Amino acid sequence: MTVIPETSGADLDPRVLRDVFGTFPSGVVAVAGRVGGQLVGIAASSFTSVSIDPPLVSFSVARTSNTWPVLRDAGELGISVLADHHDRLCRQLAGPADRRFDDLALRSSAGGALLLDEAVASLTCSLHAEVEAGDHVIVLLRVHAVCAEGDRAPLVFHESGFKRLHRDDLDPAALDGRINGEPVRKPVGEPGTEPGTARGAEDAA
Ligand SMILES: Cc1cc2nc3c(=O)[nH]c(=O)nc-3n(C[C@H](O)[C@H](O)[C@H](O)COP(=O)(O)O)c2cc1C
């Protein structure tokens, strides 16, 4: 990325903000549901976990979105965490609305949530609240069901491009073994990785 010198006031324009916000890496999810028989959805990199009790997640959607005013009426919404081979699929989900689901392998919950095959994780949610936030709306979703594939790597979105994670990027030893009071997940095979003891990485994600 090009260097951005300290910028403020009137110079804090959309291009500068997009570049600086884009330095923060994220995953990407598909947010999708069935509305009146139609398959409706978008790709979103603004997804984040919010609360364990009650279970809440969020994403931000542009107020200019044509899809959200329709998708918000789905009874249930599916969140699929995209895997590292889903870069093309991601672009498709962000492209022309009538072709977003062409040739996609999907399953549907009884309540209409649409979940992608081969996702890293899948969450079945319903709309909890919407908070207006400038040119976006923060959408809070209540989580009803989850599942995760342990061995799939996520797609990473960073500086307007897709990247991959390296497994050794996070050294548990350097984190004093705990994040938010919970044990840090150790690489498989190391002492302390017994089933049921590895929790807590979610707040650092
Ligand atoms: C990697 C990636 C991440 C995106 N993240 C978001 C997001 O967090 N929020 C959002 O409103 N749109 C996001 N978009 C754009 C939407 O997927 C979609 O293109 C946009 O909502 C326009 O379509 P619509 O008018 O049908 O809503 C993202 C697109 C891409 C390719």
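These questions and answers walk through a predicted model of a protein with a ligand.

Colleague: Which residues are the closest to the ligand, and how many surround it in total?
Modeller: The model is predicted, and its ligand has residues around it. The closest are Ala43, Ser46, Ser60, Ser65 and Thr67. The full count of residues that surround the ligand is 16.

Colleague: What classes make up the shell around the ligand, and how many residues are charged?
Modeller: The shell has 9 nonpolar residues. Another 6 are polar. The charged count is 1.

Colleague: Which polar side-chain atom lies 3.0 Å from an oxygen atom of the ligand?
Modeller: Start with the backbone. A backbone N or O atom of Ala43 is 2.7 Å from a ligand oxygen. A polar backbone atom of Ser45 lies 2.9 Å from a ligand nitrogen. The side-chain atom at 3.0 Å from a ligand oxygen belongs to Arg100.

Colleague: How much of the ligand's accessible area does the protein cover?
Modeller: On its own, the ligand has 620 Å² of accessible area. The share covered by the protein is 78%.
The elements that give two or more residues to the shell can be named too. Two are strands, E2 (38-44) and E4 (56-62). The other is helix H3 (87-94).

Colleague: Where does E4 pair, and what is the bridge partner of Phe59?
Modeller: E4 pairs with strand E9, residues 136-148. The sense is antiparallel, over 7 bridges. Within E9, the bridge partner of Phe59 is Val139.

Colleague: How many bridges join strand E8 and E9?
Modeller: Strand E8 spans residues 121-133. One bridge pair to look at is Val131 with Ile138, the latter in E9. The strands run antiparallel, and the bridge count is 12.

Colleague: Which residue takes a positive phi in the hairpin of E8 and E9?
Modeller: This hairpin has 2 residues between its strands. The phi in question is near 60 degrees. The residue is Gly134.

Colleague: And which residue takes a positive phi in the hairpin of E1 and E2?
Modeller: Strand E1 covers residues 29-35 and pairs with E2 in the antiparallel sense over 7 bridges. Arg34 stands opposite Leu39 in E2. Between the two strands of the hairpin there are 2 residues. The positive phi, near 55 degrees, belongs to Gly36.

Colleague: Is Gly78 buried or exposed?
Modeller: Gly78 is found in strand E5, residues 77-81. Its C-alpha is 6.1 Å from that of Gly33, although the two are 45 residues apart in sequence. The relative accessibility of Gly78 is 0%, so the residue counts as buried.

Colleague: How far apart are the C-alpha atoms of Phe162 and Asp84?
Modeller: Phe162 lies in strand E11, residues 161-164. Phe162 counts as partly exposed because its relative accessibility is 26%. Along the chain, 78 residues separate Phe162 from Asp84. In space, their C-alpha atoms are separated by 8.5 Å.

Colleague: How many disulfides are there?
Modeller: A disulfide is a covalent bond between the sulfur atoms of two cysteines. Cys90 is buried, with a relative accessible area of 7%. Cys125 also counts as buried, at 0% relative accessibility. Going by sulfur pairs within 2.5 Å, the disulfide count comes to 0.

Colleague: Which two residues does a cis peptide bond join?
Modeller: Most peptide bonds are trans. Here is a cis one, with omega about 5 degrees. Its second residue lies in the loop between strand E3 (48-51) and E4. The bond joins Asp53 and Pro54.

Colleague: Where is Asp103, and what is its relative accessibility?
Modeller: Asp103 has a positive phi of about 60 degrees, though it is not a glycine. Its place is in the loop between H3 and strand E6 (106-108). Asp103 counts as exposed because its relative accessibility is 82%.

Colleague: Is Ser160 buried or exposed?
Modeller: Ser160 is not a glycine, and its phi is positive, at about 65 degrees. Ser160 sits in the loop between strand E10 (155-158) and E11. Its relative accessibility is 68%, so Ser160 counts as exposed.

Methods:
Residues are numbered from 1 along each chain as its sequence is written. This is a predicted model: local features need pLDDT of at least 70, side-chain atom pairs count only at pLDDT 80 or more; totals for chains, interfaces and linings use all residues. Side-chain values use heavy atoms; hydrogens and water are left out. A residue is near a molecule or strand if one of its heavy atoms lies within 4 Å of it. A polar contact is a pair of N or O atoms within 3.5 Å; within protein, one must be able to donate a hydrogen and the other to accept it, and residues adjacent in sequence count only if both atoms are side-chain atoms. Accessible areas come from the Shrake-Rupley method with a 1.4 Å probe; for residues, only the protein chains shown count as cover. Helices (H or I, at least four residues) and strands (E, at least two) are DSSP runs, numbered from the N terminus. Ala, Val, Leu, Ile, Met, Phe, Trp, Tyr, Cys and Pro count as nonpolar, Asp, Glu, Lys and Arg as charged, and the others, Gly among them, as polar. Buried means under 20% relative accessible area, exposed over 50%, partly exposed in between (1.4 Å probe, protein chains only). Two strands pair if DSSP finds at least two bridges between them.
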